Amino acid sequence: MYKKILAAILSAVLMFCLAACSADKNKDTKAEKTDITFCLEWTPNTNHTGLYVALQKGYYDEAGLNVQIVQPPENSAATQVCAAGQAQFTVEGQDTLAAAFTSENEIGVTAVATILQHNTSGIMSKAGSGMDKPAGLTGNTYLTWDSPIELAIMKNVVENGGGDWNKVHIIPNTVTEEAQDVNENPNHAIWVFYGWGGINAKVSGVDVDYFSFKDIDKTFDYYTPVIVGNNDFLKENPKATKAFMQATAKGYEYAAKHPEEAAQILIDSDDTGALTGCEELVLESQKWISEQYIADADKWGTIDSERWNKFYDWLWENKLIEKQINKDFGFTNEFLPQ
């Protein structure tokens, strides 16, 4: 009887120890997850869907990552937040990154993937107003963000299209509803990203004309938007970076194949209220943009060296940047799934 009691006690102790070890192991595994903050550059939209899909589907968790998606602080640019190490990743455009790469105090970020394979931006105007081609802007009004690169691109496409840039009336762009603006102002032309602004016109029942920059000149088929990472984080955490990019790629690949489900995930994930009342726009935008994530590329995220360099060479040749950007500088494909 004594031996049986002793055996029972030892068995209980052993089970307790195994349970404790298992708990400690799970605790250690949880503690080993890498914290990553992703700072959006704007309120949630269909450019960001793959991130939310990866989060909701548990892809980041499976990769050993604790990912948080946040908005930039008020009056702070997301790229500066990332460069300062307050976030490990953010979203930016190749055109706006040019200033970061050529300023006196170079901002320490690198593009690690492109969200869309092609530049989906262009000029939208009311249908029948004569601005379906660049030359048609002559004598009409263009709403500008007053960016030197933006204005140089506009001057190039208008003049190469047979128009007179000097006869284009330029006013500040303070518009939040592009479709409504061109509908009420038939002489207005606005630079929009078709996946949101163009689709919004369709959803709103506004007939518009549109021409794409990439169809006008392949030089302007630059990469926008792209995911950029903090240089110190990329250097010090290559395994975590690769895990993050693989999970993110999986999220965008899923969104490409399941646009309706992905749209609902985006809507449900929005904690800013920006998408409230915009459910139809989100769905239609997602259906369109899901085909742009990979498009004609072999896989999601890949940045082509020739296209990247061609745009920066054009900026340098047209004296739009302070110094020449070296070939292949500012981007890498090394963290993408092979």
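## Report on a predicted chain

Helix α2 (residues 49-56) is mostly covered, with 6 of its 8 residues buried. Buried means under 20% relative accessible area, exposed means over 50%, and partly exposed lies in between (1.4 Å probe, protein chains only). Helices (H or I, at least four residues) and strands (E, at least two) are DSSP runs, numbered from the N terminus. This is a predicted model, in which local features need pLDDT of at least 70, side-chain atom pairs count only at pLDDT 80 or more, and totals for chains, interfaces and linings use all residues. Residues are numbered from 1 along each chain as its sequence is written, and side-chain values use heavy atoms, with hydrogens and water left out.

**Helix α2 and its surroundings**

The buried residues of α2 are Thr 49, Gly 50, Leu 51, Tyr 52, Val 53 and Ala 54. They pack against β1, α3 (59-62), β2, α11 (238-257), α12 (259-269) and α13 (279-289). Contact here means heavy atoms within 4.5 Å. Just after α2, Gly 58 takes a positive phi of about 85°.

**The chain as a whole**

The chain holds 14 helices and 10 strands. Its C-alpha trace spans about 105 × 45 × 40 Å along the principal axes. Of the 338 residues, 46% are buried. Among contacts between residues at least 6 apart in sequence, 81% join residues at least 24 apart. The chain exposes about 17,000 Å², and carbon and sulfur atoms supply 50% of that area. Accessible areas come from the Shrake-Rupley method with a 1.4 Å probe; for residues, only the protein chains shown count as cover.

There are 26 positive and 47 negative side chains, and the centres of the two sets lie 10 Å apart. Lys and Arg count as positive, Asp and Glu as negative; His and the chain ends are not counted. Each charge is placed at NZ of Lys, CZ of Arg, CG of Asp or CD of Glu.

**Strands β1 and β2, and the cysteines**

Strand β1 (residues 34-39) runs parallel to β2, and 6 bridges join them. Two strands pair if DSSP finds at least two bridges between them. Cys 39 has Val 70 as its bridge partner in β2. In a regular strand the side chains alternate between the two faces of the sheet. Strand β2 (residues 65-70) has Leu 65, Val 67 and Ile 69 on a covered face, and Asn 66, Gln 68 and Val 70 on an uncovered one.

A disulfide is taken as a pair of cysteine sulfur atoms within 2.5 Å. By this rule the count is 0 disulfides. Cys 39 is in none; the nearest cysteine sulfur, that of Cys 82, is 8.2 Å away. Cys 39 counts as buried because its relative accessibility is 1%. Cys 278 has 25%, so it counts as partly exposed.

**Helix α5 and strand β5**

Helix α5 (residues 94-102) is largely enclosed by the rest of the structure, because 7 of its 9 residues are buried. These are Gln 94, Asp 95, Leu 97, Ala 98, Ala 100, Phe 101 and Thr 102. Their cover includes β3 (89-92), β4 (109-114), α6 (148-160), β10 (226-230) and α14 (305-317).

Ser 125 lies in strand β5 (residues 121-126). Ser 125 is buried, with a relative accessible area of 0%. Leaving aside neighbours within four places in sequence, Ser 125 is in contact with Met 131, Val 182, His 188, Val 208 and Asp 209.

**Loops and backbone geometry**

Gly 85 sits in the loop between α4 (78-83) and β3. At 38% relative accessibility, Gly 85 counts as partly exposed. Gly 85 and Asn 230 are 145 residues apart along the chain, yet their C-alpha atoms are separated by 6.5 Å.

Most residues other than glycine have a negative phi, and most peptide bonds are trans. A cis peptide bond joins Thr 224 and Pro 225, with omega about 0°. Pro 225 is placed in the loop between α9 (213-216) and β10. Two residues with positive phi that are not glycine are tabulated here.

| Residue | Phi | Place | Relative accessible area |
|---|---|---|---|
| Asp 146 | about 65° | loop between β6 (141-144) and α6 | 59%, exposed |
| Lys 319 | near 55° | segment after α14 | 76%, exposed |
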